[in-house]
Amino acid sequence: MEQYICIHGHFYQPPRENAWLEHIELQDSAYPYHDWNERVAAECYAPNADSRILDKEGYITHIVNNYARMSFNFGPTLLAWMETNAPEVYQAILDADRETQQAFSGHGSALAQAYSHMIMPLANRRDKRTQVLWGIRDFERRFGRKPEGMWLPETAMDLETLDIMAELGLRFTILSPRQAARVRQLDDDAWKNVSGGRIDPTMPYAVDLPSGKRFNLFFYDDPIARAVAFEGLLSDGEAFAHRLTGALSQEPAQAQLVHVATDGETYGHHHRFGDMALAYAINYIEAHNLAKITNYGEYLEKHPPTHAVEVIENTSWSCAHGIERWRSDCGCNTGGHAGWNQAWRAPLRQALDWLRDTMAPKYEKKAAQLLKDPWAARDDYINVILDRSPENIHHFLEQHGSHQLDEAERITALKLLELQRHAMLMYTSCGWFFDELSGIETVQVIQYAGRAVQLAGQVFGDNIESRFLKRLEAAKSNIPMHRDGRRIYEKFVRPAMVDLTKVAAHFAISSLFEEYGTPAKIYCYDADVEDYRMQTMGSSRLAAGRVRLVSQITTESAVSCFGVLHFGGHDVNAGIHEYQKEETYEAMVQEITQAFLGADFTEAVRIMDKHFGTSTYSLKHLFRDEQRKIMGRILESALAEIEAAYHQVYEHHYLPMRFLAELGNPVPKVFQSTAEFILNSDLRRALNGDGLDAERFKSLLEEAAVWNIELDTVSLSYLFQRKLEKAMDKLVTAPEDIALLDNLVAAVEMARSAPFAVDLWKVQNRYHRMLQTTYAGLKETAERGDETASAWLTRFSSLGQQLKVRSD
């Protein structure tokens with residue numbers, strides 16, 4: 001009988017975008033990367049698109065796309081981020097699905113996912129339907145086909161959810177074996193109890209639904225999945241292959257499918273080089289003809305269910321208590337915090353449920369004045385989320401509007417739909433998964449609630465926020481300084497709120513430090529600068545002007561006047577108000593400019609107060625990324641002065657301290673700290689500059705060894721990696737430049753000998769691609785006796801040796 005293997009990865013990151021900017025702001029905890037999406041992409045999503053298979057000597061023999069040999073799903077919000085921020089990886093994922101359609105009898109390996117990772121059994125029916133529908137529409141737009149299966153967040157399931165999936169044309173999902181209650185053969189009425197994870201996972205099952213429809217279920221092999229995720233099985237690709245094939249019966253009575261499902265991040269992020277274990281295992285199974293690699297769609301077509309199953313509703317794969325992890329203090333947590341509790345989970349969910357249920361009838365009543373069917377419009381709103389062009393928004397409102405909407409009505413309709421989007425985003429499962437109310441994942445869902453609250457205030461005209469905050473008070477933090485949900489909202493959510501005035505303030509202040517194009521874009525806002533005037537007096541500057549801002553999300557717009565004074569350093573004072581008429585605007589600009597050019601800065605500030613009143617802003621009000629960038633520029637001179645002073649101390653006392661070290665005496669800590677600061681700064685500078693002075697770099701490392709200082713390995717490794725990648729990019733564009741090739745060989749050799757690891761992943765990828773293109777052509781030229789081509793091949797092979805890539 002036929003024997004099959006299928007490995008499924010659930011690839012997902014919680015949404016991290018600022019709810020008002022639609023952009024992930026700088027996350028210091030992800031250093032040296034900008035944010036956690038970027039970091040996990042570098043550690044997992046990209047490596048799986050170009051995974052290595054090594055020989056016994058540790059050299060790369062093949063680079064393969066793991067996605068083309070496995071089953072996978074990606075969260076829609078993650079794919080939206082990836083499309084813009086990791087386009088090469090995004091394209092590799094789409095290409096893999098097309099490739100698997102060729103490999104697996106027309107069945108692509110990609111599965112859809114319920115849109116925003118909501119725990120489906122805890123949702124109302126209307127939200128369940130929208131989540132499934134949005135997941136399908138998002139999938140169709142990206143992969144260009146209808147999905148056959150859908151991943152349920154945390155595999156959390158009830159029959160109503162399965163019924164909706166079947167109604168919308170889906171054929172199957174994947175569950176934990178603990179979610180099965182009993183089974184029977186389709187032609188037999190006798191049921192067998194398989195609760196407690198005792199179901200045979202090597203076959204698909206049919207479940208009969210309340211609607212009368214039938215749906216297909218796969219139950220993954222739990223012991224192998226646990227070994228992959230938690231027991232170190234990925235430390236050995238061959239052992240992984242044998243563990244999979246070892247679960248196949250030697251004398252099967254029917255076709256068998258051994259399949260596992262884990263978080264996709266297991267392959268690289270949770271377990272470094274896990275992607276390589278996966279690539280090696282699949283290659284090993286195929287090379288030794290141990291089983292056939294397949295995906296769920298192909299297997300279901302070839303081997304439809306012979307057994308029926310009854311499931312245990314309100315269960316999941318990551319909570320031993322069903323779905324309590326997302327609504328109670330059930331005992332499931334990530335650990336490491338003795339004395340903490342998760343009693344906050346219940347009141348947080350209750351507060352959000354109250355918010356949803358309070359807003360829903362208001363939404364329905366208000367939207368009915370503008371839209372033919374408010375809930376049908378919400379279902380179709382995914383088409384706007386996927387394409388926010390003015391033309392597409394116009395088409396959507398033409399289709400769903402109950403009449404020809406004027407500008408104010410269009411804005412209101414879009415705000416209502418955005419309110420509903422955030423009312424679903426606020427249920428993202430990660431908000432309850434971890435241990436503490438003030439954790440970034442939980443703050444994120446409260447932020448989505450805050451955006452819904454803000455929109456509700458604008459379109460319904462009532463103060464729902466105070467009643468919501470009263471309910472949040474019942475959710476108690478484990479950290480005394482954060483107290484409760486209300487304090488966390490006031491501390492982390494309210495300061496993040498954005499309106500058009502705050503965007504105008506950001507533009508005004510940042511315009512002093514960076515030049516904006518025309519038209520300009522500030523995250524999800526378009527800025528049309530109607531007037532801009534800059535004056536300079538010594539180190540002080542004045543900018544005054546008028547800017548029109550338009551939200552790409554709601555199309556709401558406003559014209560704002562601004563004046564901003566910079567007196568050097570971090571002393572910035574900006575004022576904003578709505579533009580009213582040209583005479584008033586010109587009077588304001590002339591008054592402030594006259595005082596400034598007269599060097600009467602006190603009067604300039606007084607005039608600012610006169611025109612802008614309390615609507616004043618400073619560097620504190622900049623959005624995080626620009627705030628960090630501008631403060632870095634402001635502090636450049638101060639840091640340069642500090643570094644110069646440290647250099648002077650280091651050089652002045654170098655000889656006696658070196659003599660002291662050579663005698664074997666301890667070096668004073670103050671000097672060692674100075675050496676650590678200077679040498680790390682000099683090493684970073686060497687890696688940031690053009691080219692790479694090998695002797696200088698080597699000398700600095702030797703000095704660091706003399707003083708036994710701690711190197712800033714994280715930033716040095718990252719900078720070295722980027723330098724090598726840039727050098728490799730130059731070689732790709734000018735492949736026959738032997739000087740570039742020689743420099744790259746020397747630089748990689750230096751990286752190999754550095755006292756810290758340097759990630760050569762991208763350089764190896766580009767080298768491997770050159771093997772398939774440039775190398776082949778020059779090899780033919782060399783074989784015809786061309787000495788230049790021969791010399792190039794010798795150096796290119798030397799680079800391959802340094803990169804540990806087989807060039808033969």
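**Helix H6, an open sheet and two nonpolar cores**

The buried residues of helix H6 are covered by elements that include helix H7 (237-246) and strand E12 (256-263), where covering rests on contact, taken as heavy atoms within 4.5 Å, and where helices (H or I, at least four residues) and strands (E, at least two) are DSSP runs numbered from the N terminus. The model is predicted, and local features need pLDDT of at least 70, while side-chain atom pairs count only at pLDDT 80 or more and totals for chains, interfaces and linings use all residues. Residues are numbered from 1 along each chain as its sequence is written, and side-chain values use heavy atoms, with hydrogens and water left out.

Within H6 (residues 222-230), Asp222, Ile224, Ala225, Ala227, Val228 and Ala229 are buried, that is, under 20% relative accessible area, against over 50% for exposed and the range in between for partly exposed (1.4 Å probe, protein chains only). The N-terminal end of H6 is capped by Asp221, a side-chain oxygen of which lies 3.1 Å from the backbone nitrogen of Ile224, and just after the helix Gly232 adopts a positive phi of about 80°.

An open sheet of mixed pairing is formed by six strands in the order E7-E11-E10-E14-E8-E9, two strands being paired if DSSP finds at least two bridges between them. Strand E7 (172-175) and strand E9 (192-193) are at the edges and have a single partner strand each, so one side of each lacks a neighbour in the sheet. E7 runs parallel to strand E11 (residues 214-219), to which four bridges join it, and Phe172 stands opposite Asn216 in E11.

The largest nonpolar core (buried Ala, Val, Leu, Ile, Met, Phe, Trp, Tyr and Cys residues joined through side-chain atoms within 4.5 Å) holds 105 residues, of which Leu355, Ile446, Phe468, Tyr489 and Ile522 touch the most other members. Helix H16 (residues 440-460) contributes the largest share of this core, eleven residues. Apart from this core lies another, of 96 residues, including Ile174, Leu233, Leu248 and Val260.

In the loop between strand E1 (3-11) and helix H1 (36-49) lies Asp35, which is buried yet has no salt bridge, the nearest side chain of opposite charge, Arg16, being 6.2 Å away; a salt bridge requires a side-chain nitrogen of Lys or Arg within 4 Å of a carboxyl oxygen of Asp or Glu. A polar atom of the Asp35 side chain lies 2.9 Å from the backbone nitrogen of Glu38. Beyond neighbours within four places in sequence, Asp35 is in contact with Ile24, Glu25, Gln27, Ala30 and Trp81.

Notes: Lys, Arg positive; Asp, Glu negative; His and termini not counted. Polar contact = N/O pair within 3.5 Å; in protein donor to acceptor, adjacent residues only side chain to side chain.
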